[in-house]
Amino acid sequence: MDKSKVLAAYKRGFLTARECGQILGMDEAQLQSLLQLEDDKPAEPPRGRKIGG
C-alpha cells in the first residue's frame with residue numbers, strides 16, 4: 001500500500017497510530033517522526049491533466 005495513502009487515512013481518523021505503524025512496518029516513535037517530516041514538507045501540486053495550456 002502507498003505510504004502517503006496510509007498516512008492520509010491516519011490523519012483523517014480511519015486508522016489508529018498503532019494500525020498505521022503496523023501497515024508501514026514501524027513503531028509509533030518512527031511513525032511520529034515520519035508524520036513530522038510529512039508536515040514540514042511543502043505541499044505538492046495536484047497531479048493530472050493541464051487544462052487550457
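**A walk through a three-helix chain**

Let's start on the outside: the chain exposes about 4,600 Å², and carbon and sulfur atoms supply 51% of that area. Keep in mind that this is a predicted model. Of the 53 residues in the chain, 17% are buried.

Now for the layout. There are three helices and zero strands, so from the N terminus on you simply read α-α-α. As for contacts with a separation of 6 or more, 32% of them involve residues 24 or more positions apart.

How do α1 and α2 pack? Helix α1 covers residues 3-11 and helix α2 covers residues 17-24; they meet at an angle of about 175°, with their axes 10 Å apart. Angles over 145 degrees count as roughly antiparallel, and that is why α1 and α2 get this description. On the α1 side, the contact is made by Lys3, Val6, Leu7 and Tyr10, while α2 brings Ala17, Cys20, Ile23 and Leu24. Sort these residues by type and you get seven nonpolar, no polar and one charged.

Let's stay with α2 for a moment. Which of its residues are buried? They are Ala17, Cys20 and Gly21. These residues cover an arc of only 100° around the axis, so they sit on the same side of α2. Here's the background: an α-helix has 3.6 residues a turn, so residues three or four places apart point the same way. The buried residues of α2 pack against α1 and α3, the helix spanning 28-40. Flip to the other side of α2 and you'll find Arg18 and Gln22 exposed.

Finally, look just past the helix: α2 is followed by glycine 25, with a positive phi near 75°.

Key
Residues are numbered from 1 along each chain as its sequence is written. This is a predicted model: local features need pLDDT of at least 70, side-chain atom pairs count only at pLDDT 80 or more; totals for chains, interfaces and linings use all residues. Side-chain values use heavy atoms; hydrogens and water are left out. Helices (H or I, at least four residues) and strands (E, at least two) are DSSP runs, numbered from the N terminus. Buried means under 20% relative accessible area, exposed over 50%, partly exposed in between (1.4 Å probe, protein chains only). Contact means heavy atoms within 4.5 Å. Accessible areas come from the Shrake-Rupley method with a 1.4 Å probe; for residues, only the protein chains shown count as cover. Axes are lines fitted to C-alpha atoms, for helices over the stretch in contact, and angles run from 0 to 180 degrees between N-to-C directions. Angles under 35 degrees count as roughly parallel, over 145 as roughly antiparallel, 65 to 115 as roughly perpendicular and the rest as oblique. Ala, Val, Leu, Ile, Met, Phe, Trp, Tyr, Cys and Pro count as nonpolar, Asp, Glu, Lys and Arg as charged, and the others, Gly among them, as polar. The arc is that of the directions from the helix axis to the C-beta atoms.
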